[in-house]
Structures are given as structure tokens and as C-alpha cells.
Amino acid sequence: MSIGEFVKSADFKSEKHAPVVVVPAGIKAGETFEVEVSVGKEIAHPNTAEHYISWISVYFQPAAGPIVQVARFEYTAHSEGGAFTEPVSTFKLKLDKPGTIIATSYCNLHGLWEGSAEVAF
Ligand SMILES: [Fe+2]
């Protein structure tokens, strides 16, 4: 058994759980760029006390070599105090090698999901 068997993926345009990774066009080696990760970009995911996205973890898989975790975001308010954290985050990244940025996310009712974006120079 492998955890990969339980990580689901789908087209985010038809599946609200699929995390989306957005990177700009024209990324250059060694130059910082902005990465946006989110769940519910096309179809909103519920954000209630009973049903919410807990976190998004972001990894970089270079064309060669081991995968690297590059960011992790925790969404911790789901009605407490009348606050609801939306699962959308941006961060900056600099890469020396091309590869794939992969986001994994967790819904408390519907499990683990993944999405990705390729980075080529
Ligand atoms: Fe869900």
C-alpha cells in the first residue's frame, strides 16, 4: 500500500477539490517568481465548520533529483470567532533547474488531492 493510491487528481475546472498551481509565463533560471496555490479556483469549495480545506503543501520535483518541499500553508479558521480562512496563498520561489511544482491539499471530508504546473526555461 502507498499513500499515492489515495491522492486524487482531476481537472480543477470540473472538480472543486483539485488544487491549482499558477505560475507566470517566461520564468527564467535564477529569477524569483510568484506562485499562487489554491483550492476552489473555478468551482468554490465549501468553507464551513463541517467541511473545509485544512492545508496545502507545495513541492518542487526537479527534472533530475529528489523532490523538495518548498512551502506549506495551514488554513486554521473554519467558523471560529466568525472567521473563515480561504485556501488561497501566494509565495515567491527561485529555481535553478526546470521541473514540476506540485501542490497537495487536504479536505476534511474528501481527502487528499494534487495538482501541478510545469516550469521550463
Ligand atoms: Fe471537500
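In this predicted model, strands β1 and β8 run parallel and are joined by 3 bridges. Strand β8 covers residues 111–119, and one of the pairs across this seam is easy to pick out: Ser9 has Glu114 in β8 as its bridge partner. On the other side of the story sits β7, which is joined to β8 by 9 bridges, this time with the two strands running antiparallel. Here Tyr106 stands opposite Leu112 in β8. The chain gets from β7 to β8 through a hairpin with 3 residues. Both kinds of pairing rest on a simple principle: strands of a sheet pair through backbone hydrogen bonds, either parallel or antiparallel.

These strands belong to an open sheet of 5 strands, and the order across it is β1-β8-β7-β4-β5. Its pairing is mixed, which fits with the parallel β1 and β8 and the antiparallel β7 and β8. The edges are β1 (7–9) and β5 (68–74), each of which pairs on one side only. Going from strand to strand, neighbours are turned by 25° against each other on average, direction ignored. At the β5 end, β4 (residues 53–62) pairs with β5 in the antiparallel sense over 6 bridges, and Val58 has Ala71 in β5 as its bridge partner. A hairpin links β4 and β5 too, with 5 residues between the strands. Within that hairpin, Gly65 takes a positive phi near 110°.

There is also an open sheet of 3 strands, ordered β2-β3-β6 and paired in the antiparallel sense. Its edge strands are β2 (19–22) and β6 (88–93), and each pairs on one side only. The twist averages 20° from one strand to the next. Strand β3 (residues 33–39) pairs with β6 over 6 bridges, running antiparallel, and Glu36 stands opposite Thr90 in β6.

Stepping back to the whole chain, the protein has 8 strands and 0 helices. Its pattern along the sequence therefore reads β-β-β-β-β-β-β-β. The radius of gyration is 15 Å, close to the 14 Å that the globule rule gives for 121 residues, so the protein is as compact as a globular protein of that length. Along the principal axes, the C-alpha trace spans about 45 × 35 × 25 Å. Looking only at contacts with a separation of 6 or more, 59% are between residues 24 or more positions apart.

What about the inside? Buried residues make up 25% of the 121 residues. The largest nonpolar core has 21 residues, and those touching the most other members are Val21, Val37, Ile53, Ile56, Val58, Ile101 and Ala103. Strands β2, β3, β4, β7 and β8 each give two or more residues to this core, with the largest share, 5 residues, coming from β7. In soluble globular proteins, nonpolar side chains tend to be buried together. Val58 turns up twice in this account, as a core residue and as the bridge partner of Ala71. Ile53 is another core member worth a look. Leaving out residues up to four places away in sequence, Ile53 touches Val39, His45, Tyr75, Pro87, Ser105, Tyr106 and Cys107. Tyr106 in that list is the residue that stands opposite Leu112 in β8.

A last stop is Gly99, in strand β7 (residues 99–107). Is Gly99 buried or exposed? Neither label quite fits: with 19 other C-beta atoms within 10 Å, Gly99 counts as partly exposed, because a buried residue needs 20 or more. Which residues does Gly99 touch, not counting those up to four places away in sequence? They are Phe60, Gln61, Pro62, Ala63 and Val119. Phe60 is a nice example of chain folding back on itself: Gly99 and Phe60 are 39 residues apart in sequence, yet their C-alpha atoms are 6.9 Å apart in space.

Conventions. Residues are numbered from 1 along each chain as its sequence is written. This is a predicted model: local features need pLDDT of at least 70, side-chain atom pairs count only at pLDDT 80 or more; totals for chains, interfaces and linings use all residues. Helices (H or I, at least four residues) and strands (E, at least two) are DSSP runs, numbered from the N terminus. The radius of gyration is taken over C-alpha atoms; the globule rule is 2.2 Å times the number of residues to the power 0.38. A residue is buried if 20 or more other C-beta atoms lie within 10 Å of its own, exposed if 12 or fewer, and partly exposed in between; C-beta atoms are placed from the backbone. Two residues are in contact if their C-beta atoms, placed from the backbone, lie within 7 Å. Two strands pair if DSSP finds at least two bridges between them. Axes are lines fitted to C-alpha atoms, for helices over the stretch in contact, and angles run from 0 to 180 degrees between N-to-C directions. A nonpolar core is a set of buried Ala, Val, Leu, Ile, Met, Phe, Trp, Tyr and Cys residues joined through C-beta atoms within 7 Å.
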